Amino acid sequence: AGPTQEAIDPVRFISNRSSGKMGYALAEAACARGAEVVLVSGPTALPPPTGVEYCPVITAEEMRKAMTSRLAWSDTVIMAAAVADFRPARPSPQKLKKRRGPVTALDLEATDDILRELNERRTHQLLVGFAAETEDLLAHAREKLHAKGVDLLIANDVTAAGSGFGSDSNRVWLFAPEHAPVELPLLPKREVAERILDHMLTVQTGRQTSSRPSRPHRKE
Ligand code: PMT
């Protein structure tokens with residue numbers, strides 16, 4: 001859940017407008033249904049939901065490590081986070097000084113695609129991704145469904161009123177291979193979370209339901 005922050009220097013970063021509300025709503029809804037939930041979250045203003053194991057991260061690389069290290073003993077992964085696609089290639093170790101005139105270039109490099117890596121490494125896990133779109137929602141969502149290799153893709157119209165980043169409600173389409181897309185109306189994020197969890201029950205991974213390693217004991 002949430003955004004990631006990528007340092008420009010010790011006091012500045014690149015990030016996005018994700019509040020974490022969608023991801024936290026999913027964590028709460030799954031927990032209420034009896035799932036054992038680990039919430040890997042970038043920086044947000046939200047309190048961690050009761051009953052979930054909370055794993056705070058800051059950067060895309062920290063999120064990648066947190067997600068990949070837990071994959072083996074998970075059954076389901078839902079990536080609602082707005083992970084930075086780019087980060088400063090050489091963050092400054094010192095605060096950048098104000099210069100005369102505009103800064104015209106900031107060298108950026110691509111971050112690793114966490115969902116793709118999870119898809120390559122998974123065995124039996126159900127993989128759910130999100131797509132934040134500002135145009136051509138259906139076409140881009142279909143592309144991402146295949147490119148990321150997920151079992152379910154939640155396509156988010158982030159320009160619609162009351163939907164997407166920061167809002168308490170969301171308007172999404174659900175895409176799964178071999179299934180017709182399902183359009184949901186504008187709903188509170190908690191209700192969207194419930195509908196996503198319901199839909200996950202109808203989607204097959206097409207993968208072996210092999211026995212998974214047990215989860216390490218949680219430190220209280
Ligand atoms: O947090 P809120 O304010 O409640 O807002 C919710 C939301 C808009 C952030 C959420 O509903 C949403 O759409 N999340 C996905 C945002 C996003 O980054 O979409 P994307 O289309 O750029 O990425 C597609 C998928 O790849 C996502 O599942 C993303 O988590 C994943 N990804 C992206 C980049 C990357 N380096 N690794 C990834 O795994």
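Which residue has a polar backbone atom 2.8 Å from an oxygen atom of the ligand? In this predicted model, the residue is Met 22.

## Polar contacts of the ligand

Met 22 contributes a polar backbone atom, placed 2.8 Å from an oxygen atom of the ligand. Gly 166 likewise takes part through its backbone, with an N or O atom 2.7 Å from a ligand oxygen. Ser 18 contributes through its side chain: an N or O atom there is 2.6 Å from an oxygen atom of the ligand. The protein buries 96% of the 780 Å² that the ligand exposes when taken alone.

## The shell around the ligand

The ligand is surrounded by 29 residues, of which Ser 18, Ser 19, Lys 144, Asn 156 and Gly 166 come nearest. By class, the shell comprises 13 nonpolar, 9 polar and 7 charged residues. The space that the ligand takes is the second largest pocket.

Several secondary-structure elements supply at least two shell residues each: the helices α1 (21-32), α3 (114-121) and α4 (137-148), together with the strand β8 (126-133). Among the contributors, β8 provides the largest share, with 4 residues.

## The five-stranded sheet

Strand β8 also belongs to an open sheet of 5 strands, arranged in the order β5-β8-β9-β11-β12 with mixed pairing. The edges are occupied by β5 (76-79) and β12; each has a single partner strand, so one side of each has no neighbour in the sheet. In general, the strands of a sheet pair through backbone hydrogen bonds, in either a parallel or an antiparallel sense.

Within this sheet, β9 (residues 152-157) and β11 (residues 172-175) run antiparallel and are joined by 4 bridges. One of the residue pairs here is Leu 153 with Phe 175, the latter in β11.

## The hairpin at the β12 edge

Strand β11 also pairs with β12 (residues 182-183), again in the antiparallel sense, over 2 bridges. In this pairing, Leu 174 has Val 182 of β12 as its bridge partner.

What lies between the two strands of this hairpin, and which residue there takes a positive phi? The hairpin of β11 and β12 has 6 residues between its strands, and Glu 178 takes a positive phi near 70 degrees.

## Summary of the arrangement

The ligand and the sheet share one element in particular: β8 gives the largest share of the shell and stands between β5 and β9 in the strand order. At the other end of that order, β11 is followed by β12, which is an edge strand with a single partner.

Key
Residues numbered from 1 in each chain as written. Predicted model: local features only at pLDDT ≥ 70, side-chain atom pairs only at ≥ 80, totals over all residues. Heavy atoms only, no water. Near = heavy atom within 4 Å. Polar contact = N/O pair within 3.5 Å; in protein donor to acceptor, adjacent residues only side chain to side chain. Areas by Shrake-Rupley, 256 points an atom, 1.4 Å probe, with all protein chains shown as cover. 1 Å grid on protein atoms, 1.4 Å probe; cavity = no way out; pocket = protein on both sides within 12 Å on 5 of 7 lines; lining within 4 Å. Sits in = over half its atoms within 2 Å of the grid points. Nonpolar A, V, L, I, M, F, W, Y, C, P; charged D, E, K, R; others polar. Pairing = 2+ DSSP bridges.
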